[in-house]
Amino acid sequence: MKAVIDTSSLVSLVRYYLPFDKEGKLTSFLEERILAKKIIVMEEVALECKRLGKGLVVDAFPFIAQPKFKTSVADIHVNRALYNLVDNNFVNGSIKALLPEAEYQSEREKFTSSADFAMVLYAYSLKEKEEVIVVTEETGYSNDSKPFKKIPDICSIIGVRALNLPTFLMESGIIDLTVEMQKTSLF
């Protein structure tokens, strides 16, 4: 199984999980899995990680910036069937209807060169060969009036499982959310 991870999940790892990783297990897990191509960091995601939050992800996980840790979609052919999915299924029809054709084409170009699309394209290209999941902090609920649907909705359309970060970490066995309570007296 391969997991394609998005920028927001990597940011969440750094902000909310890494402070509790006193023994470096999370960092080791991530580096090992990315190097083995079990967790996929797209080039576009790595680029976003450099720019976002003053590079906090790359500061915490410097290996993400190294070429051997990044995956490219440059060699994946985008066929007409996929463009049909983009134009007919990935798009929010009500938003598209409001856009002039030239503006829609511009929005489609931005979308198809985005990190989100790179992740979807990679997952789409792999799904027939092996199990692939997409790890994202996005939900399908609100779309913020954007012309294209959110990653979980698109994954559902292409038949790829999307997981949020906590579920992925639990299913991967890296974290155990069991909490032990100690009985203490306040008085």
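# Chatting through a five-stranded sheet and its helices

Q: I'm looking at I5, so what stands opposite it in β4?
A: V135 of β4 stands opposite I5. Names like β4 come from DSSP runs, numbered from the N terminus: helices are H or I runs of at least four residues, and strands are E runs of at least two.

Q: Where does this model come from, and how are the residues numbered?
A: It's a predicted model, where local features need pLDDT of at least 70 and side-chain atom pairs count only at pLDDT 80 or more, while totals for chains, interfaces and linings use all residues. Residues are numbered from 1 along each chain as its sequence is written, and side-chain values use heavy atoms, with hydrogens and water left out.

Q: OK, back to the strands. What's the order in the sheet?
A: The order is β3-β2-β1-β4-β5, an open sheet of five strands with parallel pairing. Two strands count as paired if DSSP finds at least two bridges between them.

Q: Which ones are at the edges?
A: β3 (70-71) and β5 (161-163), each of which pairs on one side only.

Q: How many bridges join β1 to β4?
A: Four, with β1 covering residues 2-5 and the two strands running parallel. Besides the I5 pair, K2 stands opposite V132 in β4.

Q: And what's on the other side of β1?
A: That's β2, joined to β1 by two bridges, again parallel. V4 has I40 of β2 as its bridge partner.

Q: Then how does the sheet carry on to β3?
A: β2 (residues 39-42) pairs with β3 in the parallel sense over two bridges. One pair to look for is M42 with T71 in β3.

Q: How many bridges join β4 to β5?
A: Three, and those strands run parallel. Try V134, which stands opposite A162 in β5.

Q: Are the side chains of β1 buried or exposed?
A: Buried (under 20% relative accessible area, with a 1.4 Å probe and protein chains only). K2 and V4 sit on one side, A3 and I5 on the other, and both faces are covered. In a regular strand, side chains alternate between the two faces of the sheet.

Q: What about β4?
A: β4 (residues 132-135) is covered on both faces too: V132 and V134 are buried on one side, I133 and V135 on the other.

Q: Switching to helices: at what angle do α5 and α7 pack?
A: About 115°, with the axes of α5 (residues 80-90) and α7 (residues 101-112) 12 Å apart. Axes are lines fitted to C-alpha atoms, for helices over the stretch in contact, and angles run from 0 to 180 degrees between N-to-C directions.

Q: Which residues make that contact?
A: Y83, V86, D87 and F90 from α5, plus Y104, R108, F111 and T112 from α7. Contact means heavy atoms within 4.5 Å.

Q: What about α8 and α9, what angle is that?
A: α8 (residues 115-126) and α9 (residues 151-158) cross at roughly 20°, and their axes come within 11 Å. That makes α8 roughly parallel to α9, a label for angles under 35 degrees.

Q: Who's touching whom there?
A: D116, M119, V120 and Y124 of α8 meet I151, I154 and I158 of α9.

Q: Last one: how many helices does the whole protein have, and how much is buried?
A: There are 10 helices, alongside five strands, and 41% of the 187 residues count as buried. The C-alpha atoms fill a box of roughly 70 × 40 × 35 Å along the principal axes.

Terms used. Angles under 35 degrees count as roughly parallel, over 145 as roughly antiparallel, 65 to 115 as roughly perpendicular and the rest as oblique. Buried means under 20% relative accessible area, exposed over 50%, partly exposed in between (1.4 Å probe, protein chains only).
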